[in-house]
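Dear colleague,

I am handing over the structure below, and after it I set out what was found there. Please read the notes with the coordinates open beside them.

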Amino acid sequence: MFNYDFDWSVVTNSLDRLGQGLLTTIELALLAIVTSMILAVPVAVARMSEIRVIRWIAQVYIEIFRCTPLLVQLFWVFYAMPALIGLTLPGFLSAFITLSLNLTAFMAEAYRSGFQSVPVEQVEAGQMLRLSYAQRLRYIILPQAMRQQLPVILSLDITLFKDTAWCPRSRWVI
C-alpha cells in the first residue's frame, strides 16, 4: 500500500549544509536569548512603572510584538524597513533584531508576572531596611522572580530556537 523506499543518500550528501544550518540556528538563538533576557528586565520594570506614560509605552511595545505574527515582523524588518528608512540590513542581523525584539516582549511579561508574585511583605521589609528600589529589585525581587519564572523562560527559549530556521543560500531566517 505504501512505498517506504527512501533514498538516504540525499541526507548524507547534505550533512555539511545541515551542520552549517544547525550552527547558524544555535548562534542566532543564543544571541537573541541573551539579548532578550537582558532587555526584558527594564521593559518589565517600565511596564510596572507608576508613571503612566512610561507604563503605556512599555505596554504598547509588548502588545505589538506579542500580538503580531513573527513572520510578519521578520518581513517588516527585512523588507519594509529598507523601503521606509532606506537602511538595508543583512538577513542574519534582521533576524537577530526581530527575534530579540519579539522574545523581549514575551520575556518582559514573564518577568513582570514573576516580579508581581513576590510577596508584598518582603518588598516592604526591604523598604524598612532603607534599600533603594534598585537594591530591592536586585536582592529581593529578581532572585525570587527568576526562580519562579524559570520554566516559563525556558519554554520561551525553546520556542525561539524552534522559530529559527536557516536557508543556506540566502542566509535568511524563515
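The side chains of Glu109 and Arg47 meet in a salt bridge, with 3.5 Å from N to O. Please keep in mind that this is a predicted model, and that each value in this message was computed from it. The pair links distant parts of the chain, since Glu109 sits in helix α5 and Arg47 in helix α2, 62 residues apart. Both partners, Glu109 and Arg47, are buried.

Glu109 also meets the side chain of Arg66 in a salt bridge, here at 3.9 Å from N to O. Again distant parts of the chain are linked, with Glu109 in helix α5 and Arg66 in helix α3 (residues 52-67), 43 residues apart. Are the two partners buried or exposed, or something in between? Glu109 has a relative accessible area of 13%, and because buried means under 20%, Glu109 counts as buried. Arg66, at 36% relative accessibility, counts as partly exposed, because that value falls between the 20% limit for buried and the 50% limit for exposed.

A further salt bridge joins the side chains of Glu109 and Arg112, at 2.8 Å from N to O. Here both residues lie in helix α5, 3 residues apart, which is about one turn of the helix. Arg112 has a relative accessible area of 17% and is therefore buried, the limit being under 20%. Through the partners that these salt bridges share, Arg47, Arg66, Glu109 and Arg112 are joined into one network. In total, the structure holds 3 salt bridges. As general background, side chains of opposite charge can pair when their charged atoms come close.

The other finding concerns the largest pocket, which holds about 290 Å³ of space. Which helices supply at least two residues each to the lining of this pocket? They are α2 (15-47), α5 (91-116), α6 (120-128) and α7 (133-163). Of the contributions to the lining, that of α7 is the most, with 3 residues. By kind, the residues of the lining divide into 7 nonpolar, 3 polar and 2 charged. If you wish to select the lining in your viewer, the residues are Val45, Ala46, Met48, Ser49, Glu50, Phe115, Gln116, Val123, Gln127, Tyr133, Arg136 and Ile141.

With best regards

Definitions and conventions:
Residues are numbered from 1 along each chain as its sequence is written. This is a predicted model: local features need pLDDT of at least 70, side-chain atom pairs count only at pLDDT 80 or more; totals for chains, interfaces and linings use all residues. Side-chain values use heavy atoms; hydrogens and water are left out. On a 1 Å grid over the protein atoms alone, a cavity is a set of points where a 1.4 Å probe fits but cannot get out, and a pocket is an open set with protein on both sides within 12 Å along at least five of seven lines; lining residues have an atom within 4 Å of a point. Grid points are joined across faces, edges and corners, and a volume is the space filled by probe spheres set on the points. Helices (H or I, at least four residues) and strands (E, at least two) are DSSP runs, numbered from the N terminus. Ala, Val, Leu, Ile, Met, Phe, Trp, Tyr, Cys and Pro count as nonpolar, Asp, Glu, Lys and Arg as charged, and the others, Gly among them, as polar. A salt bridge is a side-chain nitrogen of Lys or Arg within 4 Å of a carboxyl oxygen of Asp or Glu. Buried means under 20% relative accessible area, exposed over 50%, partly exposed in between (1.4 Å probe, protein chains only).
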